[in-house]
Amino acid sequence: IKGGYVSGTPTFTVKLACVSFYKNLEMDLPPGSGIFIVVNAITGAPLAVMQENRFMTDLRTGAAGAVAMKHCTSPSQDVVGFIGCGAIARNMARAAAAVRPIKGLAYAFAGADEFAKEMEEELGVPFTVASSAEELCGKSDIIFTQTPGGETVLQKDWLNPSGVTIIASGSDQPTKQEIPNDVLNAGKYISDLTKQTSKVGELRGALQAGVMTEDDVYAELGQIVNGEKPGREGDEIIVVDLTGTGAQDAAIGQVAW
């Protein structure tokens, strides 16, 4: 359950999210569901109850990906890889193309060919399918990871040595981790909300392994956006850990209402 309010807006939102029910696919049901309740911030009266089944959640996750790409990459970085090619990857691709023209690479155990074809046609930018995650990582300036998070999806020595930004959105539970600990502590680790990523995000694994502390968090994404700290400064590795925040739900809930 998440709740959020954006200061100065007329509504707040509470969301019940039920995620990672992957066996639902065998019954032709979505693997996740969710209900948004949009509430009048002045009177407390409910304004809308929306069963969104991750539609709005995936949209706001894509929007967060666009913010991360805009503020944590350089304008010359345009080769964008996608590890995992499901619904969230499609929104991340749309988001990336809204930031700047891209050249897309795709890799997944299943669905990469369909994803690349659909995104190339929809976005009007080239997409190719990589033969492996290692190939994708070596060619990419920016990597979006959006997998079930049951195991890590890349290795440090696969990464582009000229500097890469990894935008990870697959971890949202204490059992998940997409990014190895030696990548997380190799450069700048940026969280969407440290008190959350330390419990259910990529940071959790590094904390448990004793290779990072919360003091090693370079910044929260909002600090980068506000100009309190710079994003990319050179050829460093940057990891942006997106677990999804209540403020994002509040923002898209108000838009939908």
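This passage describes a nonpolar surface patch, a pair of crossing helices and a helix with buried residues in a predicted model.

At the surface, a nonpolar patch of about 530 Å² is formed by Ile 1, Val 14, Leu 16, Ile 35, Ile 37 and Val 49. Two strands, β2 (11–18) and β3 (33–40), each contribute at least two residues to this nonpolar patch. Ile 1, another member of the patch, lies in the segment that precedes β1 (2–5). Because its relative accessible area is 82%, and the cut-off for an exposed residue is over 50%, Ile 1 is classed as exposed.

Attention then turns to two helices, α2 (residues 87–99) and α3 (residues 112–123), whose axes come within 11 Å of each other and cross at roughly 35°. The crossing in which α2 passes α3 is right-handed. On the α2 side, the residues that take part in the contact are Ala 89, Arg 90, Ala 93, Arg 94 and Ala 97, and these meet Glu 114, Phe 115, Glu 118, Met 119, Glu 122 and Leu 123 of α3.

A further helix, α7, spans residues 202–209, and within it Glu 202, Leu 203, Arg 204, Gly 205 and Ala 206 are buried. The elements that cover these buried residues of α7 include the strands β9 (165–168), β10 (188–191) and β12 (238–241), together with the helices α5 (181–184) and α6 (194–200). Just after the end of α7, Gly 210 adopts a positive phi of about 80°.

Note on methods. Residues are numbered from 1 along each chain as its sequence is written. This is a predicted model: local features need pLDDT of at least 70, side-chain atom pairs count only at pLDDT 80 or more; totals for chains, interfaces and linings use all residues. Side-chain values use heavy atoms; hydrogens and water are left out. Patches are made of residues with over 30% relative accessible area and no salt bridge: like charges are joined within 9 Å, nonpolar side chains (Val, Leu, Ile, Met, Phe, Trp, Tyr) within 5 Å. Accessible areas come from the Shrake-Rupley method with a 1.4 Å probe; for residues, only the protein chains shown count as cover. A salt bridge is a side-chain nitrogen of Lys or Arg within 4 Å of a carboxyl oxygen of Asp or Glu. Helices (H or I, at least four residues) and strands (E, at least two) are DSSP runs, numbered from the N terminus. Buried means under 20% relative accessible area, exposed over 50%, partly exposed in between (1.4 Å probe, protein chains only). Axes are lines fitted to C-alpha atoms, for helices over the stretch in contact, and angles run from 0 to 180 degrees between N-to-C directions. A crossing is left-handed if the near helix is turned anticlockwise from the far one by less than a right angle, and right-handed if clockwise. Contact means heavy atoms within 4.5 Å.
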